[in-house]
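This briefing goes through one protein chain by topic, beginning with strand pairing and ending with the confidence of the model. Please keep the sequence and the structure in view while reading.

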Amino acid sequence: MCEPGEVRAKRLRFRRQFPKVWSAGLLPRRPNFNKARARSEKSPGDFAPARRAPHLWKLPQRATAHTEKAMPQVLLSRRALFSLGRRLFHPDWNDERNRAAFGRDFGSHGANYSIELSFCGPIAPEDGMIVNIADLKPLISDLIKPLDGAFLPESLEHFAQNRPTAENLALYLWQGFPQQVAGATLARLELEEARRTRVEKTTAHMTVSRSYEFAAAHRLALPDLDDAGNLDRFGICSNRAGHGHNFTLSVGIEGEPDGQTGFIISPALLDRIVDEEIFPRFDHKHLNVDCPEFSDIVPTSENLALVIFGILDERLAREGYTLARVGLQETTKNGFEVLR
Ligand SMILES: [Zn+2]
């Protein structure tokens with residue numbers, strides 16, 4: 001179908017910005033949207049898989065194509081809480097340089113932590129368990145004991161050389177826990193610091209995420225449909241004047257902690273990037289009215305998460321960082337995630 005030049009240019013920009021997603025058909029393409037829906041009404045299977053992100057629709061394919069009898073992976077997780085006090089500083093740097101690198105964390109402060117350890121492995125036929133949680137409890141308790149109530153770096157020699165950032169705390173915990181417990185393998189460790197910073201460590205990668213909040217309004221509607229048609233398609237989200245959400249945005253960067261600062265990315269830098277790239281564009285804006293990013297696409301939270309991913313991916317790549325994921329919590333019930 002022929003499109004006006006401006007619309008086509010926008011579409012091409014999107015294809016360049018989100019090549020994987022576009023090819024997976026996640027972004028609704030307006031000219032085909034009604035046709036696709038008509039197909040989906042006859043046969044829901046024709047349309048539904050095309051709108052799923054690649055990482056989601058690979059799962060059923062894998063299960064049916066090759067491994068009819070393969071067991072899906074089962075994970076068991078155990079969570080524990082602790083708190084500690086700390087100062088972030090490099091002993092060889094002066095106060096000015098330390099303040100520039102660590103900001104307010106250069107001063108003494110305390111934080112609460114939540115750690116979650118996830119294990120995978122075969123389920124033992126005799127007791128139906130991957131590993132007995134009773135066996136994990138003392139190991140986890142021993143693991144966090146040196147940190148709980150400690151003041152770092154003074155309390156632990158390890159942190160004399162490694163800044164006690166969330167990343168280095170996660171690494172310390174990961175390296176201190178046995179990788180195998182009674183046939184179960186430690187698959188993932190997640191550490192949440194002060195409900196703002198989250199580190200995920202697996203054997204393959206490490207990611208640090210920070211959370212942000214902003215408010216925006218949107219209206220879900222297609223210009224080709226009348227009010228009744230939009231109500232049918234989008235429900236009350238098609239309300240003519242729009243409606244709003246307080247979004248929680250989570251931005252995850254993959255990498256290794258820097259040897260000097262202990263950060264995968266400086267929290268101050270990530271905060272500044274989000275301040276510069278996301279808040280001016282979307283905070284307290286009506287996405288349909290104020291944001292040209294949505295002039296050609298429906299401003300659903302899926303699309304908002306994708307647009308944010310594209311913007312941050314470009315900026316972070318320029319700064320030398322790898323964006324791993326963008327999470328967007330729309331309400332307490334609705335969450336969206338873009339994974340590289
Ligand atoms: Zn909404």
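In this predicted model, T197 stands opposite R210 in β7, a pairing that belongs to the antiparallel arrangement in which 5 bridges join β6 to β7. The two strands, β6 (197-201) and β7 (206-218), form a hairpin with 4 residues between them. The points below follow β7 to its other partners, and then turn to the helices, the core, the backbone and the confidence values.

**Strand pairing around β7**

- β7 also pairs with β8 in the antiparallel sense, here over 12 bridges, and within this pairing A217 of β7 is set opposite G244 in β8.
- A further partner of β7 is strand β9, residues 285-286, with which β7 pairs in the parallel sense over 2 bridges; in this case the bridge partner of A216 is K285.

**Helix α11 and its two sides**

- Helix α11 spans residues 267-277, and its buried residues are P267, L270, I273 and V274. These residues lie on the same side of α11 because they cover an arc of only 125° around the helix axis.
- The spacing agrees with a general property of the fold element: an α-helix has 3.6 residues a turn, so residues three or four places apart point the same way.
- On the other side of α11, the residues R272, D275 and E276 are exposed.
- The buried residues of α11 pack against three strands and two helices by name, namely β6, β7 and β8 (243-254), together with α12 (279-282) and α14 (301-319).

**A101 in helix α6**

- Is A101 buried or exposed? A101, which is found in helix α6 (residues 95-102), is buried, because 21 other C-beta atoms lie within 10 Å and the threshold for a buried residue is 20 or more.
- Once residues up to four places away in sequence are set aside, A101 touches H90 and T261.
- A101 and S266 are separated by 165 residues in sequence, yet their C-alpha atoms are 7.6 Å apart in space.

**The largest nonpolar core**

- The largest nonpolar core has 49 residues, and the members that touch the most other members are A170, L173, L191, I308 and L312.
- Helix α14 provides the largest share of this core, with 9 residues, and the core draws at least three residues from each of domain 2 (70-204) and domain 3 (206-340).
- Leaving out its neighbours within four places in sequence, I308 is in contact with L249, I278, V326 and L328.
- As general background, nonpolar side chains tend to be buried together in soluble globular proteins.

**Backbone features to check**

- The peptide bond from L152 to P153 is cis, with omega near 15°, and P153 lies in the loop between β3 (151-152) and α8 (158-161).
- Two residues that are not glycine have positive phi values: A194, at about 50°, and R195, near 55°.
- A194 is found in the loop between β5 (184-193) and β6, and R195 is likewise placed in the loop between β5 and β6.
- A194 counts as partly exposed because it has 13 C-beta neighbours inside 10 Å, whereas R195 is exposed, with 11 other C-beta atoms within 10 Å; the limit for an exposed residue is 12 or fewer.

**The chain as a whole, and confidence**

- The secondary structure of the protein chain comprises 14 helices and 11 strands, and buried residues make up 27% of its 340 residues.
- Among contacts in the protein chain with a separation of 6 or more, 67% are between residues 24 or more positions apart.
- The mean pLDDT of the protein chain is 85, with 79% of its residues reaching 70 or more. Over residues 1-66, however, the pLDDT is below 50, and this stretch has 42 contacts in the model beyond near neighbours in sequence.

Methods. Residues numbered from 1 in each chain as written. Predicted model: local features only at pLDDT ≥ 70, side-chain atom pairs only at ≥ 80, totals over all residues. Arc of directions from axis to C-beta. Contact = placed C-beta atoms within 7 Å. Pairing = 2+ DSSP bridges. Core = buried A, V, L, I, M, F, W, Y, C linked by C-beta atoms within 7 Å. Domains from an automatic or database assignment. pLDDT = per-residue confidence, 0-100.
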